[in-house]
Amino acid sequence: MMPIPPTWCVYLGTGLFTIGVIGVLTRRNVIIILMSIELILNAVNINLVAFSRYFGEVDGQIFAIFVITDAAAEAAVGLGLLIALFRNKETVNADEIDLLKW
Amino acid sequence: MTTVSIPDVMRILPELILAGFAILVMLFEPFVPAGRKRVLGWIALLGVLVAGMAFTWAPPNAGMAFSGSIAADGFSYFFIFLFLTIAALALLGSINYLERDNIHHAEYYALILFSTVGMCFMAASAELIMIFLGLEISSLSTYVLAGFRRHDPRSNESAMKYFLLGSFATAFFLYGIAFVYGLTGTTNLVDLAADLAQPGKWSTLTRAALILMFVGLAFKVSTVPFQIWTPDVYQGAPAPVTAFLSTGPKAAAFAVLVRIFLGLAGPSGPAAFWVIWISAALTMTVGNFAALLQKNVKRMLAYSAIAHAGYVLVGLAAAMASGSTEGASAVLFYLAAYAFMNVGAFLLIAHLAGPGEGRTEISDFTGLGRAAPGAAACLTVFMLSLSGIPSTAGFFAKFYVFRASVHAGLIGLTIIAVLNSVVSVYYYLNLVVTMYMREGEPQAARTPMPLPLYSAIAASLFAIFYLGLYPNHFLLLSTLSSKPLP
Amino acid sequence: MESGYLTILIYIGAVVFLSAAILGMSAWVGVKRPTREKLSPYECGIQPVGDARERFSISFYLVGMLFILFDVEAVFLYPWAVVYKELKWFGFTEMLLYILILLAGYVYIWKKGALDWSR
């Protein structure tokens, strides 16, 4: 079997990154924005693991594990903050979070 | 097989002590009855003091630790001391605030400590993985702190915006790191600088990766055009938290910027320098002119915080242009001086804003000079220092930055900076004029300052005048600290 | 070399074709006589009660979040488990410290009542 060349992984990562960035910039639902951010983090993970394999060392994979942990912590903090917000404002729409003017 | 040696551990002793105390405070929180949470505040403060003393216990042992991922050098010591000071001041200013507003949960103290640990690791890391972890430890704690007034929609909103934009920025930073790793095969800053110094190693992709990392950090230090979150977050967050996050995480992000960009200034050529130049000019101008229009004190100081980030960037641009230590030491001096005046101002505003932080409009401060002369005088000193009036810390902070940028030949940037500081005098003095010259009954709270807050304000005032009247000692210290190891 | 992937490609094509064919045929040939009873959601023969989009107790989210946190922290055990024989006591103490820190967090959420379902 032919190994998948690292550039393909980078293309995949770049694609995910782009989808994530567009998601953050265009979607208005806070949960979807959060998911888009997680998508970027996964793009990072794909890149890291691909590069790690390319260099034949484990540094990148260890880094990816840290990123996964961080993504989980971030999701937990984000959802916690969202629940606190929802209790007071009854909305998850970023456009309606407008008490402080942008 | 690598193992951990005793000197390695000694080099991160302050961080270890802080983390230990943070975990202790968190563990004790459910066991301490509601009326006694104050004790945990003092324990947290003790943790900060013990961490500070760890430097004096441990023999001076500058050097790299943990196979090159931690750089215990003068640079990191300077910033760790700065973060500990900021944390101590914020803790002192928070205890009575939390009691007053019925949000006295000891998680607050634990989060301040955790955030400080993260900031220390940001300043002390010579490894992109560690910098990222420090950034996240500090950011995640501050996201929660910004939303600490759980039942106040403004605070919720502030936390949500900070969280969304902050984690978006971190994602950019990470993506940049992933590319740097892919292009060079290393995440260690020393190896990285060596690798990129080789001819032919510098490519468009490397540049793109560095720009992604810069964008991530630029969000954290709120430079234009990545400043949109700052006013909302600073206004909505509890004022003592704003005091903390407008100084600590910002200084930490600048520490990372200095470490990364000065290390790579040689190989990166003029491109990185111009990025810094342009964002410095934009940041100062946008921050100051937007601050002119504000009616809310916290929001005005938020825009002023943006402007001050611009002045620090001038110092960074000077350091990158000349390669001498003058620019970097001006950056360090500025960050420390700015920390004292901004922490002091926000802590005082937290007190004056009254229960529930209902009084934060500038008009609420009308006539405060007669009603509460002591508090008004302190606030005046903070405003004068922020605007850079001689004999205050703000003056020498600006002076050293401008001098460094003139010496580095950045005349244009210096002129923009000087003009900007002239503009800034208007809105700082506007608050002073409102307090003293306008007739009227102040809406702001006139209750006497509680003792912990009083000592925090007094310490800030002392530091402002000390740096403003005898700047030489501190300048020497920041010059000695301004050469990062790698 | 690439024939391995070719087989998978043919397989994917066959799967897509077959599913499309079955669904398309039944949609095209099938007779539709919708009644109210047929359109209601199928819940194992039980009469459906209320809308599916009702609000869940906040405890679901809380427990879900805490589960994710501790679940992901466990990922660090895997690389450690691969090399723990080489790391000897050093690795053991490191992991012990790590688990103790996690335990501190666990004690905290427990005492805070976050795991208390009836609350």
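The following paragraphs lead through the chains of this predicted model, their folds and the places where they meet.

Residues are numbered from 1 along each chain as its sequence is written, while chains are lettered from A and ligands numbered from 1 in the order in which they are written. Because the model is predicted, local features need a pLDDT of at least 70 and side-chain atom pairs count only at pLDDT 80 or more, whereas totals for chains, interfaces and linings use all residues.

Confidence comes first, given as pLDDT, the predictor's confidence in each residue on a scale from 0 to 100. Chain B averages a pLDDT of 89, with 97% of the residues scoring at least 70, and chain A averages 86, with 90% of the residues at that level. Among the elements of chain B, helix α13 (residues 265-268) has the lowest mean pLDDT, 61, and α5(B) the highest, 95. Where pLDDT is low, the predicted coordinates should not be read in detail. In chain A the elements run from a mean of 89 in helix α3 (residues 59-89), the lowest, to 92 in helix α2 (residues 30-55), the highest.

Chain B has 22 helices and two strands, where helices (H or I, at least four residues) and strands (E, at least two) are DSSP runs numbered from the N terminus. Its radius of gyration, taken over C-alpha atoms, is 21 Å, close to the 23 Å that the globule rule gives for 486 residues, so chain B is as compact as a globular protein of that length; the rule itself is 2.2 Å times the number of residues to the power 0.38. Along its principal axes the C-alpha trace of chain B spans about 70 × 55 × 40 Å. Of the 486 residues in chain B, 64% are buried, a residue being buried if 20 or more other C-beta atoms, placed from the backbone, lie within 10 Å of its own, exposed if 12 or fewer do, and partly exposed in between. Two residues are in contact if their C-beta atoms, placed from the backbone, lie within 7 Å, and of the contacts in chain B with a separation of 6 or more, 80% join residues 24 or more positions apart.

The largest nonpolar core, a set of buried Ala, Val, Leu, Ile, Met, Phe, Trp, Tyr and Cys residues joined through C-beta atoms within 7 Å, has 231 residues, and those with the most contacts inside it include B:Leu113, B:Tyr175, B:Tyr334 and B:Leu335. Helix α16 (residues 325-352) of chain B gives the most to this core, with 21 residues. B:Leu335 touches B:Leu82, B:Ala251, B:Phe254 and B:Val312, when residues up to four places away in sequence are not counted.

Helix α2 of chain B (residues 13-28) has 16 residues, which at 1.5 Å a residue should span 22 Å, and its end C-alpha atoms are 22 Å apart, in agreement; the expected span is 1.5 Å times one less than the number of residues. Among its buried residues are B:Ile17, B:Leu18, B:Phe21 and B:Val25. The buried residues of α2(B) pack against α3 (38-57), α4 (74-100) and α5 (107-124) of chain B together with α4 (77-112) of chain C.

Chain A has three helices and zero strands. Its radius of gyration is 17 Å, well over the 13 Å that the globule rule gives for 102 residues, so chain A is more spread out than a compact globule. The C-alpha atoms of chain A fill a box of roughly 55 × 25 × 25 Å along the principal axes, and 38% of its residues count as buried.

Where chains A and B meet, 32 residues of chain B are in contact with 33 residues of chain A. On the chain B side, α6 (128-146), α7 (153-184) and α10 (229-236) each supply at least two residues, and the largest share, 17 residues, comes from α7(B). Two residues of helix α7 illustrate this contact, B:Phe163 and B:Asn156. B:Phe163 counts as buried because it has 30 C-beta neighbours inside 10 Å, and, leaving aside neighbours within four places in sequence, is in contact with A:Val77, A:Gly78, A:Leu81 and B:Tyr143. B:Asn156 likewise counts as buried, with 26 such neighbours, and under the same exclusion is in contact with A:Ala84, A:Leu85, A:Asn88, A:Lys89 and B:Gly147.
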